[in-house]
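Please open the structure in the viewer and follow the selections below in order. Each stop names what to select and then describes what is found there.

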Amino acid sequence: NNANGKLFWVTNFSKSTGDPIRYYDTITWTDFAPTIDNDGNVLAQARILLPFRGRFLALNTWEGADLATSDNYPNRIRYSAIGDPLAANAWNEDVPGKGSFLDIPISENIISAGFVRDNLVIFCERTTWQLRYTGQAIAPFQIDRINSELGSKGPFASVLFDTDIKTIGNRGILSCDSFSCKRIDDKIQNFVFD
């Protein structure tokens, strides 16, 4: 946060009937539901929370007036303003220079994500994407498709390495270096799903 205090973030993606996003500041647990627009809608849940280039990202979100009445945006990447994600209007898309969102142009759920070099690799159900930082204040991120056939099976199916990220997908074991994604189990295809 702005006071250089460490925060531990928790999201269990329990959808509209479960728990909200929470953070722990070494003393107390606090529910987190930042306002995302001038209509009073909030970011109620997210599958993945990540810091990236001074901003805080929420992927595969539930948004609405509150957690119970929220709607799922499975392909959405919502981000805060640079700095403290707890600051007033840090997530508000109606305030220029603050928070906003980017939707991946598909109808699949974001499943998993991880950093490779200085890019964020995002695995959906059947596709793989790269989120790059542009440095622009109005549109700080750009999304590019890496692979249109290979995705990930689960939120914890991805493992980070120094030059790539490996995951278990619906078609085999994959390796992605943020520019290409390919199967690495060609020699053992018959045994992979056993």
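In which loop is serine 178 found? Select the segment between strand S14 (173-176) and strand S15 (181-183): serine 178 lies in the loop there. Please bear in mind throughout that the model is a predicted one.

Keep serine 178 selected and display its surroundings. Its relative accessibility is 1%, so serine 178 counts as buried, the cut-off being under 20%. Next, add asparagine 119 to the selection; the side chains of serine 178 and asparagine 119 make a polar contact (3.5 Å). Leaving aside neighbours within four places in sequence, the residues in contact with serine 178 are Val116, Arg117, Asn119, Val121, Gln130 and Ile146.

Now move to strand S5 and select residues 55-64. Of its 10 residues, 10 are buried, so strand S5 is largely enclosed by the rest of the structure.

Extend the selection to strand S4 (residues 42-52), which runs antiparallel to S5 and is joined to it by 9 bridges. One pair to highlight is proline 51 with its bridge partner in S5, phenylalanine 56. The hairpin of S4 and S5 has 2 residues between the strands, and arginine 53 takes a positive phi near 55° in this hairpin.

Finally, select strand S6 (residues 71-79), which is antiparallel to S5 and joined to it by 6 bridges. Here, the pair to display is threonine 61 and its bridge partner in S6, tyrosine 73. S5 and S6 also form a hairpin, with 6 residues between them.

Note on methods: Residues numbered from 1 in each chain as written. Predicted model: local features only at pLDDT ≥ 70, side-chain atom pairs only at ≥ 80, totals over all residues. Heavy atoms only, no water. Buried < 20%, exposed > 50% of the residue type's maximum accessible area, 1.4 Å probe, protein only. Helix = DSSP H or I, 4+ residues; strand = E, 2+ residues; numbered from the N terminus. Pairing = 2+ DSSP bridges. Polar contact = N/O pair within 3.5 Å; in protein donor to acceptor, adjacent residues only side chain to side chain. Contact = heavy atoms within 4.5 Å.
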